[in-house]
Amino acid sequence: QLQLVESGGGLVQPGGSLRLSCVASGRTFSDYAMGWFRHAPGKEREFVAAISRGGGNIAYGDSVKCRFTISRANFENTVFLQMNSLKPEDTAVYYCAARPGAPNLRTIFLAESEYGAWGQGTQVTVSS
């Protein structure tokens, strides 16, 4: 079973930046496509970003495009989410997720139901 541990959340002012990390263990990290989701109080869990096994194919949710960047370092078993120009509406618990059995190095997955392993989440609060 792949295990995921997120870190890097915290309190930041509007317009600020944070970098989230998610470290994987227990399986071969490069076998998994990865994603980030977030869950704000009173809302559905929302797709944030996804990256393929090889890192060459990426997608973003509409609300974070041009502000967030997903990347991965397979040799470090880590996926990152760089978040810039943060807004109060970005406040949420952020989760990384892993999708096993991706057929090739370029396939990405946008649906929450596609992912089989989840981290415990890290809180991001954007407030002045």
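Me: So a salt bridge is a side-chain nitrogen of Lys or Arg within 4 Å of a carboxyl oxygen of Asp or Glu. How many of those does the structure hold?

Reply: The structure holds 7 salt bridges. Keep in mind that this is a predicted model, where local features need pLDDT of at least 70, side-chain atom pairs count only at pLDDT 80 or more, and totals for chains, interfaces and linings use all residues. Residues are numbered from 1 along each chain as its sequence is written, and side-chain values use heavy atoms, with hydrogens and water left out.

Me: OK, which side chain does R38 meet in a salt bridge?

Reply: That's E46, with N to O at 2.8 Å.

Me: Are those two buried or exposed?

Reply: R38 is buried, with a relative accessible area of 5%. E46 is partly exposed at 30%. Buried is under 20% relative accessible area and exposed is over 50%, with partly exposed in between (1.4 Å probe, protein chains only).

Me: What about D90, which residue does that one pair with?

Reply: D90 forms a salt bridge with R67, and their closest N and O atoms are 2.7 Å apart. The pair links distant parts of the chain, 23 residues apart: D90 is in the loop between β8 and β9, and R67 is in the loop between β6 (58–60) and β7. The strands are DSSP runs (E, at least two residues), numbered from the N terminus. D90 has 0% relative accessibility, so it counts as buried, and R67 is buried too, at 10%.

Me: Which residues do shared partners join into one network?

Reply: R38, E46, R67 and D90.

Me: And K65, who's the partner there?

Reply: K65 bridges to D62, with the closest N and O atoms 3.2 Å apart. K65 is partly exposed at 43%, while D62 counts as exposed at 66%.

Me: Switching topic: how many disulfides turn up in the whole structure?

Reply: Just 1 (cysteine sulfur atoms within 2.5 Å). C22 is joined to C96, S to S 1.9 Å. The link is right-handed, with 40° about the S-S bond.

Me: Where do those two cysteines lie?

Reply: C22 is in strand β3 and C96 in strand β9, so the pair ties together parts that are 74 residues apart in sequence. C22 counts as buried at 0% relative accessibility, and C96 is also at 0% and buried.

Me: Is C66 buried or exposed?

Reply: C66 counts as exposed, at 84% relative accessibility.

Me: Next, the inside. How many residues are in the largest nonpolar core?

Reply: It has 29 residues, and the ones with the most contacts inside it are L4, W36, V79, L81, M83 and Y94. Elements giving two or more residues to this core include β3 (18–25), β4 (33–39), β8 (78–83) and β9 (92–99). A second, separate core of 9 residues includes A59, A97, F109 and Y115. A core here is a set of buried Ala, Val, Leu, Ile, Met, Phe, Trp, Tyr and Cys residues joined through side-chain atoms within 4.5 Å.

Me: What does M83 touch, leaving aside its neighbours within four places in sequence?

Reply: M83 is in contact (heavy atoms within 4.5 Å) with G16, S17, L18, L20, R67, F68, Y94 and V124.

Me: Last one: where is R72, and what does it contact beyond four places in sequence?

Reply: R72 sits in strand β7 (residues 68–73). Outside its neighbours within four places in sequence, its contacts include F29, Y32, M34, I51, R53, V79 and F80.

Methods. Helices (H or I, at least four residues) and strands (E, at least two) are DSSP runs, numbered from the N terminus.
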